[in-house]
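Colleague: Could you walk me through this model? I would like to go from the overall picture down to single residues.

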Amino acid sequence: MPLKRDVGRMADTKSGRDKQAREEERRRIQRDISEARERGDEPEPTADPPTECHRRGCSEPVAFSVTERYQEETGAGAVEATAFLCADHAAGESPTNLYDAYEGYVFRVEPVAGGDGS
Ligand SMILES: [Zn+2]
């Protein structure tokens with residue numbers, strides 16, 4: 001049992017153990033991250049888009065993101081507003097801030113990839 005001799009020789013102070021535990025934890029996290037990256041399933045650190053329509057009282061699955069970018073009327077700069085909507089509600093969307101339109105104005109409807117295998 002040669003290992004047993006080493007136990008008493010370790011810097012067995014509390015701070016020594018804490019430091020070791022922290023580094024162990026840090027190594028473990030880095031390993032997890034790199035393994036996840038290798039598997040390619042590390043999610044982007046952005047918030048998940050909602051899965052239900054943004055409209056109150058509508059629980060249809062999200063089919064489109066509707067984005068409008070316009071100039072804030074207070075002069076604070078461009079504002080980009082995105083709503084995730086079901087197909088029916090997205091069809092009823094239209095630009096609502098044309099009075100605040102500027103050269104960078106955007107009204108955009110994009111299909112959202114379904115999370116249910118579609
Ligand atoms: Zn809806």
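**From contacts to core**

Modeller: Happy to! Residues 24 or more positions apart make up 60% of the protein's contacts with a separation of 6 or more, a contact being two C-beta atoms, placed from the backbone, within 7 Å. This is a predicted model, where local features need pLDDT of at least 70 and side-chain atom pairs count only at pLDDT 80 or more, while totals for chains, interfaces and linings use all residues. Residues are numbered from 1 along each chain as its sequence is written.

Colleague: In what order do the elements run from the N terminus on?

Modeller: Helices (H or I, at least four residues) and strands (E, at least two) are DSSP runs, numbered from the N terminus. The protein has three helices and three strands. From the N terminus, their order is α-α-β-β-α-β.

Colleague: Which strands stand at the edges of the sheet, and why is one side of each left without a neighbour?

Modeller: Two strands count as paired if DSSP finds at least two bridges between them. β1 (residues 64–71) pairs with β2 (residues 78–85) over eight bridges, in the antiparallel sense, and six bridges join β1 to β3 (residues 106–111), also antiparallel. The result is an open sheet in the order β2-β1-β3. Each edge strand has a single partner, so one side lacks a neighbour in the sheet; the edge strands are β2 and β3.

Colleague: Which residue takes a positive phi in the hairpin of β1 and β2?

Modeller: This hairpin has six residues between the strands. The phi in question is near 85°, and the residue is G75.

Colleague: Which side chains of β1 point to the buried face?

Modeller: Buried means that 20 or more other C-beta atoms lie within 10 Å of a residue's own, with C-beta atoms placed from the backbone; exposed means 12 or fewer, and partly exposed is in between. Side chains alternate along β1, and S65, T67, R69 and Q71 point to the face that is not buried. The buried ones, on the other face, are F64, V66, E68 and Y70.

Colleague: Which elements give two or more residues to the largest nonpolar core?

Modeller: A nonpolar core is a set of buried Ala, Val, Leu, Ile, Met, Phe, Trp, Tyr and Cys residues joined through C-beta atoms within 7 Å. The largest has seven residues: C53, V62, F64, V66, F84, L85 and A90. The elements that give two or more of them are β1 and β2.
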